[in-house]
Amino acid sequence: MCRSLLTFVRGTRTVSSRKTRRLLDKSKTFHVACGVAICILSVVHVSAHLVNVINFSESYSDEFPALNLARYRGEDPKLIILTTIPGVTGVLLVLILFLMFLSSSHCVRVSHYEIFWYTHNLFIVFYVILMVHMVGGALKYQTNIEAHPPGCLEPNRTSTERQSEELQQGRCREEAHFQPHCPQTWLWVSGPLCLYCAERFFRYIRSSDPVTIVTVIRHPCDVIELRMLKKNFAARPGQYVVLNCPGVSSFENHPFTLTTCPTENKETFGIHLRVVGDWTDRFTQLLLPQPRLGLEILPMMQQRRYPKLYVDGPFGSPSEDVFNYDVSFCVAGGIGVTPFACVLHALLDGWTGFRLQRLYFVWVCRELQSFFWFAELLCALHHKLWKENRPDYLNLKLYVSQPENLQRMSEERYRPLASRLLVGRPRWKHLFDEIGRSNKNKRVGVFCCGPKGISRTLHKLCNSARFPGTTFEFNKESFS
Ligand SMILES: NC(=O)C1=CN([C@@H]2O[C@H](COP(=O)(O)OP(=O)(O)OC[C@H]3O[C@@H](n4cnc5c(N)ncnc54)[C@H](OP(=O)(O)O)[C@@H]3O)[C@@H](O)[C@H]2O)C=CC1
Ligand code: HEM
């Protein structure tokens, strides 16, 4: 989960193979797998120690008192657990893990992300207690094996059986001595924990300066465009940032894909956010207070004062690899267009510098108005490619899924879009067949960002191998 480290690795050319780079997309999945494994193995560990504590109570050893955890034979196992360091810390670890596991379920993360986030940060307490868990010295090993070979008889115990030579051999010279195991947890935990703490410290320092909000634009269908400025901020198309606006909540951080990145000619970077929840709603009210009646020219002293805004990131995502295929097929659903908007801006700035030779771009929206979020950009790129004699570089299709919302894109300047406008949902199989036929023996990168239904359908089609001669490689966008 060291996002900045993963972003750095994704950006360097050290990881050049697509297969290895795709592993970077799986960082969160890998983490969840480890987290679930920790929980399952913790259940095994705890069950074993419950049997263990009963043994400690029932098999109290009079012969070797140092080995006992119970204070006397038959001591209540619950008392042993609640009055020893391994017992108390073990109970706390189970409680923390249980809380983390419950709060990191998908439904909690989708509906109450902050509950997940704050419970998940208990991991710091978890690791500290884990280091203390072993200091109780419950598990011991014998230190004087030579002087007291395991199984030999007490040195000062007379025994009637002391007849045979080998028994005489077996006699030991001193009592058995035992030593607690040295705690080794810190050996396993300190490396990853230091790496992660360094990552969080780096992110804290980097995001401590507020950004300057340069422009706020209201778009159709409840979308707000925000253009910002931040010293030394650099980003690549496809990356995302995490916003924190103390005016809304100091405790909430929300990820948004960049729709424009800083370039040599333009320092600002931008996002498009759809007002769909309480945070975006409150944030939008702070950015654009309710329009006043009529047009008011504010005196200089009352010019717009935007809320303080902090940006953490940028962080990498699969969409960065759109440029690393000869042919890429990008599918956007609604506001899920944001990662590809940045890609289109980069192509507009200069499409010749990339490995990418052809881009199929399908964008599905409920209302026609949504396409106006990036209509200028799409038309500008279309005209540039025609002017530079590569009209086949961009294959664009726009779908309005709710036909009743269909009006006309009547303005002349949007003609390139109007002629590529289709009604209803795309016929994905037909699209794949068309792309497969035009790109025989090619590896096509399929990128999807939007409602889960779309990515599931595309993922299945990519893995269906229905298109002989063309390999479709699925890359699902998510805030990794
Ligand atoms: N970087 C990232 O990870 C980002 C992710 N997103 C995600 O993108 C999504 C976009 O949300 P929103 O703008 O509300 O999208 P909408 O819910 O408005 O859906 C957009 C379009 O997708 C269509 N659609 C839905 N399912 C399918 C399907 N199985 N096959 C074909 N078309 C389908 C809908 O058609 P219909 O009208 O028929 O339902 C609709 O026209 C959100 O879930 C958001 O989380 C957004 C931005 C960035
Ligand atoms: C029990 C099962 C677990 C699940 C399902 C789970 C799930 C997740 C998810 C989905 C994220 C990503 C959050 C995001 O990107 O917004 C995450 C992040 C993280 N998890 Fe877990 N986790 C689990 C257990 C654990 C455990 C046991 C630990 C440590 C003891 C842990 C430590 C972390 C850390 C440090 C992060 C990084 C947060 C960040 O920097 O963004 N997780 N976890």
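Between domain 1 and domain 3 of this predicted model, the count is one salt bridge. Its partners are Glu320 and Arg10, whose side chains meet with a distance of 3.9 Å from N to O. Side chains of opposite charge can pair when their charged atoms come close. A salt bridge is counted here when the nitrogen and the carboxyl oxygen are within 4 Å, and the 3.9 Å of Glu320 and Arg10 meets that limit. Across this interface of domain 1 and domain 3, the rule for polar contacts finds zero residue pairs, where both residues must have pLDDT of 80 or more.

On the side of domain 1 that touches domain 3, helix 2, which covers residues 18-25, gives the most, with three residues. Sorted by class, that side of domain 1 has five charged residues and one polar residue, but no nonpolar residues.

To place this contact in the chain as a whole, it helps to see how the domains are laid out. Domain 1 is made of the segments 3-11, 20-145 and 177-203, domain 2 of the segments 211-287 and 306-316, and domain 3 of residues 318-479. The contact between domain 1 and domain 3 takes six residues from domain 1 and ten residues from domain 3. The C-alpha centres of these two domains, domain 1 and domain 3, lie 47 Å apart. About 630 Å² of area is buried between domain 1 and domain 3, and carbon and sulfur atoms give 34% of that area. Of the area that domain 1 buries against domain 3, Arg10, Arg21 and Arg22 supply 63%, which is more than any other three residues supply. Arg10 therefore appears twice in this account, as one of these three residues and as a partner of Glu320 in the salt bridge.

The structure as a whole holds 18 salt bridges. One of them joins the side chains of Asp62 and Arg73, at 3.1 Å from N to O. Both Asp62 and Arg73 lie in the loop between helix 3 and helix 4 (77-82), so the pair ties together parts that are eleven residues apart in sequence.

The model also contains ligands. Ligand 1 is surrounded by 22 residues, and the closest are Arg274, Arg366, Ser401, Gln402 and Arg425. Ligand 2 is surrounded by 24 residues, the closest being Arg3, His31, Tyr113, His120 and Tyr196. Some of the polar contacts of the two ligands are set out below.

| Ligand atom | Residue and part | Distance |
|---|---|---|
| oxygen of ligand 1 | Ile335, backbone | 2.8 Å |
| oxygen of ligand 1 | Cys365, backbone | 3.4 Å |
| oxygen of ligand 1 | Gln402, side chain | 2.7 Å |
| nitrogen of ligand 2 | His31, side chain | 2.7 Å |
| nitrogen of ligand 2 | His120, side chain | 2.7 Å |
| oxygen of ligand 2 | Arg203, side chain | 3.4 Å |

Gln402 is thus listed among the closest residues to ligand 1, and a polar atom of the Gln402 side chain lies 2.7 Å from an oxygen atom of that ligand. His31 and His120 are likewise among the closest residues to ligand 2.

The shell around ligand 2 draws on several helices, since helix 3 (27-58), helix 5 (85-103), helix 7 (113-120), helix 8 (123-133) and helix 10 (185-206) each supply at least two of its residues. The largest share, seven residues, comes from helix 3. By class, the shell around ligand 2 has 15 nonpolar residues, four polar residues and five charged residues.

Finally, a few places in the backbone deserve a look. The peptide bond that runs from Gly313 to Pro314 is cis, with omega near 15°, and Pro314 is found in strand 8, which spans residues 310-315. Asp222 has a phi near 60°, a positive value in a residue other than glycine, and Asp222 lies in the loop between strand 3 (212-219) and strand 4 (223-229). Asn389, although it is not a glycine, has a positive phi of about 60°, and its place is in the loop between helix 13 (375-387) and strand 11 (394-400).

Notes:
Residues are numbered from 1 along each chain as its sequence is written. Chains are lettered from A and ligands numbered from 1 in the order in which they are written. This is a predicted model: local features need pLDDT of at least 70, side-chain atom pairs count only at pLDDT 80 or more; totals for chains, interfaces and linings use all residues. Side-chain values use heavy atoms; hydrogens and water are left out. Domain bounds come from an automatic or database domain assignment. Contact means heavy atoms within 4.5 Å. Buried area is the accessible area (1.4 Å probe) that two parts lose on being put together, summed over both. A polar contact is a pair of N or O atoms within 3.5 Å; within protein, one must be able to donate a hydrogen and the other to accept it, and residues adjacent in sequence count only if both atoms are side-chain atoms. Helices (H or I, at least four residues) and strands (E, at least two) are DSSP runs, numbered from the N terminus. Ala, Val, Leu, Ile, Met, Phe, Trp, Tyr, Cys and Pro count as nonpolar, Asp, Glu, Lys and Arg as charged, and the others, Gly among them, as polar. A residue is near a molecule or strand if one of its heavy atoms lies within 4 Å of it.
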